[in-house]
Amino acid sequence: MFQQQLQEDVLSSATSSPASTLYSPTPYAATGTWVQELSSDQCSVRLISLLYQCASEVAAGAFDRANLCLEHIMQLASLDAPHTLQRLAAVFADALARKLLNLVPGLSRALLSASASADTHLVPAARRSMFDMLPFLKLAYLTTNHAILEAMEGERFVHIVDLSSSAANAAQWIALFHAFRGRSEGTPHLRITAVHESKEFLAGMSAVLAREAEAFDIPFQFNAVEARLEDMDFDALRHNLRVRSGEALAVSVALQLHRLLAADDAGGGRRYGAAGGLTPLQIIARSSPSSFGELLERDLNTRLQLSPDASGLSPQSPMFSPTGQGRPKLGSFLSAVKALCPKIMVVTEQEANHNGAVFHERFDEALNYYASLFDCLERAAVAAHRGSATEERARVERVVLGEEIRSIVAYEGGERKERHERARQSAGRMEAAGMERVGLSYSGAMEARKLLQNCGCSGSYEVRHDAEGHCFFFCWHKKPLYAVSAWRPGRCRGPGITTPAAQGPDESL
């Protein structure tokens, strides 16, 4: 399988440098001929070696050598290629090229801003395709609902706050309606507050849930908060989420908490391994003392006057201005949630280490992680036996996963939004904020495994329950890709924890 092959080939590429075969006095003299001579296995090995070599050259600011690597990669890779590795390599090559281009921030923004905005309208459809094709979010919704249902046993007034934003889906709460109807004590009065940046999404979610609640005869209210989680005022969280006394509170957040780490690094700026005190334009010009270097050195230097924003090195640059002076964003959020005293907070996150400061380690981790996800998508598209599956797979690879890869590889500081961390590391942050673990029951794991069987996904996919019963891991060929954990405030005693049996919610807020 491709992802296993990637891990094996990484070892060989680490012990034998491809530099001798990559660089020649006339690298373009026989363009394309060497590609035709490679077998499929040789092509895979060469692509992996080229990707790692290119990452090293980009990190060093070696423009010419990185450019040559990219030329060779794109002779072997394509977004439309039939093989998974070729498509993955094309996406990573795009991310590496963007990182190289980010040496010149003004040029980068001028060239890339239009292409980024052009893909925005494709994102909702791409996310729906990912939800349909892969079981991970379905498993996250099911296990989250199971944990909420157990925590809300006996509660008559329940308030659920959905902070999943782009990962939110009305299907999760429709499934919870079904589960609440099966309770021996009957359905509770249910209120759902959803936070999302799209007014249209919130309106659609409200209409769907109201219709389903009426069909299930569930007393229901929906509150919409049009915002991004990272932009919210956490000091006013209780007011903004309309948390009331007398309601049992549950918080669900999927694939969002890692983005709060980016706000804390907004002043990180850019770092270049081979800068030697030179501006980015001078780095490129020294690397390429030909027409391109002269153009950048003479023309752009003159036109832009190497403004602080263009150089990317001045502390006065906007990139060096923290977007939230004072307390860390994630810590502020967790403290605000703790103050609300929820009975349970269920967190779903990618199980990966994409928040390291060392670029080489981050690149290696990302390449292996997304190789697994590309494998999952390829298998799903083949198994679907329908013509549109290939198109849906391509949409997810380019729009959803491609954007995550670009964030991890191409950007630094506050621009690097995808800050995935492993469950054990994020658990340390939760505990430092005064949260304590809530055990996830074995019955929840069994329900998740049953879902995999019903979806025809058993075998390659796996649900693991950690030894302490604190976390679920959703795996592909035994490699954990997503994790679900549950939390509550440590030693919190408040109206969100215990609801008086005969008392309804306080309507004053």
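## Around Arg362

Let's start at one arginine: setting aside residues up to four places away in sequence, Arg362 touches Lys99, His354, Gly356, Ala357, Ile408, Val409, Tyr411, Glu412 and Arg416, where a contact means heavy atoms within 4.5 Å. Arg362 sits in helix H18, residues 359-384. Helices (H or I, at least four residues) and strands (E, at least two) are DSSP runs, numbered from the N terminus. With a relative accessible area of 1%, Arg362 is buried; that word stands for under 20% relative accessible area, while exposed means over 50% and partly exposed lies in between (1.4 Å probe, protein chains only).

What does the side chain of Arg362 reach at 2.9 Å? The partner is the backbone oxygen of Ile408.

## About the model

This is a predicted model, in which local features need pLDDT of at least 70 and side-chain atom pairs count only at pLDDT 80 or more, while totals for chains, interfaces and linings use all residues. Residues are numbered from 1 along each chain as its sequence is written, and side-chain values use heavy atoms, with hydrogens and water left out.

## The whole protein

The protein has 21 helices and nine strands. Of its 509 residues, 52% are buried. Take the contacts between residues at least 6 apart in sequence: 78% of them join residues at least 24 apart.

About 22300 Å² of the protein is exposed, and carbon and sulfur atoms supply 52% of that area. Accessible areas come from the Shrake-Rupley method with a 1.4 Å probe; for residues, only the protein chains shown count as cover.

## Salt bridges

How many salt bridges does a search of the whole structure find? The search finds 27, each being a side-chain nitrogen of Lys or Arg within 4 Å of a carboxyl oxygen of Asp or Glu. One of them joins the side chains of Asp94 and Arg98, at 2.8 Å from N to O. Asp94 and Arg98 are about one helical turn apart, because they are separated by four residues in helix H6 (residues 84-101). An α-helix has 3.6 residues a turn, so residues three or four places apart point the same way. Asp94 is partly exposed at 28% relative accessible area, whereas Arg98 is buried at 13%.

Two of the residues touched by Arg362, Glu412 and Arg416, form a salt bridge with each other, their closest N and O atoms lying 3.7 Å apart. Arg416 is buried, with a relative accessible area of 3%, and Glu412 is buried too, at 14%. Elsewhere, Arg228 and Glu230 form a salt bridge whose closest N and O atoms are 3.7 Å apart. Arg228 is partly exposed, with a relative accessible area of 31%, while Glu230 is buried at 13%. Both belong to a network of salt bridges that also links Asp231, Arg259 and Glu418.

## Helices side by side

Helix H6 packs against helix H19 (residues 388-410) at an angle of about 35°, with the axes 9 Å apart. Axes here are lines fitted to C-alpha atoms, for helices over the stretch in contact, and angles run from 0 to 180 degrees between N-to-C directions. The H6 and H19 crossing is right-handed: the near helix is turned clockwise from the far one by less than a right angle, and an anticlockwise turn would make a crossing left-handed. Residues of H6 at this meeting include Asp94, Arg98 and Lys99, and those of H19 include Arg393, Glu397 and Val409.

Helix H8 (residues 123-133) has Ala126, Ser129, Met130, Phe131 and Met133 buried. The buried residues of H8 pack against helix H9 (136-151), H18, H19 and strand S9 (479-489).

## His258 and Gln75

Is His258 buried or exposed? His258 is buried, with a relative accessible area of 4%, and lies in the loop between strand S4 (248-254) and helix H13 (260-264). The side chains of His258 and Glu349 are joined by a polar contact of 2.7 Å. A polar contact is a pair of N or O atoms within 3.5 Å; within protein, one must be able to donate a hydrogen and the other to accept it, and residues adjacent in sequence count only if both atoms are side-chain atoms. Not counting residues up to four places away in sequence, the residues touched by His258 include Glu349, Lys417 and Glu418.

Gln75 lies in helix H5 (residues 63-76) and is partly exposed, at 23% relative accessibility. Gln75 and Leu47 are 28 residues apart along the chain, and their C-alpha atoms are separated by 9.7 Å.
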